[in-house]
Amino acid sequence: MAESPEEVAVLVQRVVKDLNNAFKRNPHIDEIGLIHCPEARYNRSPIVLVENKLGVESWCVKLLLPYVHNKLLLYRQRKQWLNKDELIDITCTLLLLNPDFTTAWNVRKELILSGTLSPVKDLHLGKLALTKFPKSPETWIHRRWVLQQLIQENSLPTLVTKGNLGTVPVERIQRLVQEEMEVCCEAAGRYPSNYNAWSHRIWILQHLGKLDVKILLDELSSTKHWVSMHVSDHSGFHYRQFLIKSLIGRTVTNNSILVQNQLVNEPIPSLPKGEKNEASEAACTEELRVDLPNLLKEELELCTDLIDTFPGHETLWCHRRHVFYLQHHLNNKLPLPNVQLTSVDSSDGTLNNSHPSTAVSHVTHAMDVDGLNDSSKQGYTQETKRLKRAPIQDSLGLEMEYRLIDNILATCRDVEQARFATEYRKWLVTFLGQ
Amino acid sequence: MKSCQHESGGISASIGHDLTFYIPLVLSRFLPYVVDVIKLWTTYKACKKKMDHLPETNGGTPQKDVVIKPDAPSTLFLEKHADYIASYGAKKDDYEYCMSEYLRMSGVYWGLTVMDLMGQLQRMTKEEILAFIKSCQHECGGISASIGHDPHLLYTLSAVQILTLYDSLHVVDVNKIVDYVKSLQKEDGSFAGDKWGEIDTRFSFCAAATLALLGKLDVVDVEKAVEFVLSCMNFDGGFGCRPGSESHAGQIYCCTGFLAITGQLHQINADLLGWWLCERQLPSGGLNGRPEKVDPFHTLFGIAGLSLLGDEQIKPVSPVFCMPEDILQRINVQPELVS
């Protein structure tokens, strides 16, 4: 049905109004979707609200989007004025249809900065957009900006700040972190190996959570089931690698005695794994005991189980490589480059592995740049080459891996499983073995 | 790659996974690993034969790869690709066109570059494009994806690439571009994408490539910039978007490109990274961007990938800038590759 520009304008304005009224009527809308409906029927609005689900009939989208899109751009070019409410409504409509439209998010940033729009509204809008567009890079990017605003505007302290500041701000941050974990989890479930969702999750832990040990342990525990149900999700497994690496970083920067004990392999009481209640009873963050060797052992066991149960998944073999690498380096007191630290007290940049208490030294941002600084040879490449030439200190771990691989090769019937097992062996020999 | 071609001339994800351009691009920067690029080439040429010997997927675990059909094209339909790109801009009121307008400048760069690689640049409307770019430069010096959109590093780079292609940098204020890029560098050496502050190694590449094409790399703190990018190197030799992020072919392209431009390719662990990249190749001969990942496909990257693999119908392409080599020769910007 052909429509004149005037008819389109009238129609679109009505639709935008309907959409925004729907939000006013029901502030608990938690999902948006497109309703396949190629033709308009009678005088019905294309906006459908059922319980907490908002649907847009597809016939109107092709008219709606170009109209609101161009309208916003006219405003941006100062060719047409839009008041604050109109801006809010129009950008909301736009972003639910096309959340990668960066400029629309930027308009909202300006509204937030001028105090016209509450940042929390954009967290909600973003969450909705992600139900339909779980990867949308611009939505995640805008989300990070909003969260940074929220932290700054209330001068909320970071989680590791002690004492003086009240408990309320800390709880607020914890709630924000939890909410973000949920948003990420949902988006991860809606799209396989959702890089943007998982990298956002990491960002949250780094910038809001400040790599707090308790949060890291909680995350390790709460994602275990998820990854077991998504064995092809490389990003999900990488997240666990990140958690473990961060725990290693946090455990070693603490100056508590337990760290020394860890490094000389003295028996220490082990932390109850993943039990939230027990973990929170186990005293405050700094004294939280992290049994790294056991943690790594359990992760490898999880990996073995999954490899056996789900043969032929490259992701599981990649995970094994990562985790074994971490275990190998920890056991042999080898340096772990680029392990993220929250405090940079031991980032002297030297890759010194002779003294037990600095066994896991950290090269964070203090990397020498060969080409620019001439003689100092401390690039990553140099260190890895040195590792390759170093005598093997822990051949037991490697031997066990080789045995595991041989077992699998002997008993598996899946061609891909055999291929991955063989590749893993080759990788071990090339980079960790003799 | 040829079997990904469509009737319309575009190349899509239709066969199920992406032949990511980033992989041949990055691989080609490691000359000792040319053997892997050759392996890609031989695999692609022999794809029909390969197809007969694809491993069976028993045990109920479907492999994320494709089967190339017997009637899949085995020649490259260059003309059709050119037609597809040439007619792309003619749909201004189109819903699809509006949906993608937020990246229009990059779309133009992809389209023009692929046309030039195919020797078909004259079919595009140069004057119109130059006027378009001029109207996309903002007060701050940055350039936006399209008229009325906000400026961003991504589109600033794309614009500079297009203007370099056309030898028409004079239509914009180059000094302001340089100022804009410089203003986006942070204390830790990283670059934000725009004034709102998102950090990503992609933006380090955009900044370095933009400035290198303009001959102004020295206005930023290169040492710090390198430091930041290296802090994003992972244990598998790859790079992510920020420190601690997962290795990703696209990010790897940006980071190795950045390191090539800044003369720091030796900082890469070529063994490890080469290994990771080679593992991106699947039995069908195609490539993915991460383990077990199915990705969308881009016409430019497919054609450029073929160029890197030595297809003679296509002009040589720079693996660093993803632009025709002859253009870079003209402006004398040709970073060293790993040797």
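Reader: Where does Asn332(B) lie?

Author: This is a predicted model. In it, Asn332(B) lies in the segment after helix H15 (325-331) of chain B.

Reader: Why is Asn332(B) called exposed?

Author: Its relative accessible area is 65%. Exposed means over 50%. Asn332(B) is therefore exposed.

Reader: What is the phi of Asn332(B)?

Author: Asn332(B) has a positive phi of about 60°. The residue is not a glycine.

Reader: Where is Ser193(A) found, and what is its phi?

Author: Ser193(A) sits in the loop between helix H7 (167-190) and helix H8 (195-207) of chain A. Its phi is near 50°, a positive value in a residue other than glycine.

Reader: What makes Ser193(A) count as buried or exposed?

Author: Its relative accessibility is 4%. Buried means under 20%. So Ser193(A) counts as buried.

Reader: How many disulfides does the structure hold?

Author: Zero, over all chains.

Reader: How do you know that Cys37(A) has no bond to Cys60(A)?

Author: A disulfide needs the two sulfur atoms within 2.5 Å. The sulfur of Cys37(A) is 9.0 Å from the one in Cys60(A), the closest cysteine sulfur, so the pair is too far apart for a bond. Cys37(A) also counts as buried, at 4% relative accessibility.

Reader: Why is there no bond between Cys206(B) and Cys254(B)?

Author: The same test applies: within 2.5 Å. Cys254(B) holds the closest cysteine sulfur to that of Cys206(B), but the distance is 6.4 Å, so it is too far for a bond. Cys206(B) counts as buried, with 4% relative accessibility.

Reader: Why is the pair Arg76(A) and Asp150(B) called a salt bridge?

Author: The N to O distance between their side chains is 2.9 Å. The cut-off is 4 Å. The pair therefore meets in a salt bridge. The count between chain B and chain A is four salt bridges. There are also 20 residue pairs in polar contact between these chains, both residues at pLDDT 80 or more.

Reader: Which elements give two or more residues to the side of chain B that touches chain A?

Author: Helix H5 (95-99), helix H11 (222-230) and helix H13 (270-278) of chain B. H11(B) gives the largest share, four residues. By type, that side divides into 20 nonpolar, 16 polar and 19 charged residues.

Reader: How many residues are in contact, and what area do the chains bury?

Author: In chain B, 55 residues are in contact with 71 residues of chain A. The two chains bury about 5,700 Å² between them, 55% of it on carbon and sulfur atoms. In chain B, Trp196(B), Phe235(B) and Trp275(B) lose the most area to chain A, together 14% of what that side buries.

Methods: Residues numbered from 1 in each chain as written. Chains lettered and ligands numbered in written order. Predicted model: local features only at pLDDT ≥ 70, side-chain atom pairs only at ≥ 80, totals over all residues. Heavy atoms only, no water. Buried < 20%, exposed > 50% of the residue type's maximum accessible area, 1.4 Å probe, protein only. Contact = heavy atoms within 4.5 Å. Buried area = accessible area lost by both parts, 1.4 Å probe. Polar contact = N/O pair within 3.5 Å; in protein donor to acceptor, adjacent residues only side chain to side chain. Nonpolar A, V, L, I, M, F, W, Y, C, P; charged D, E, K, R; others polar.
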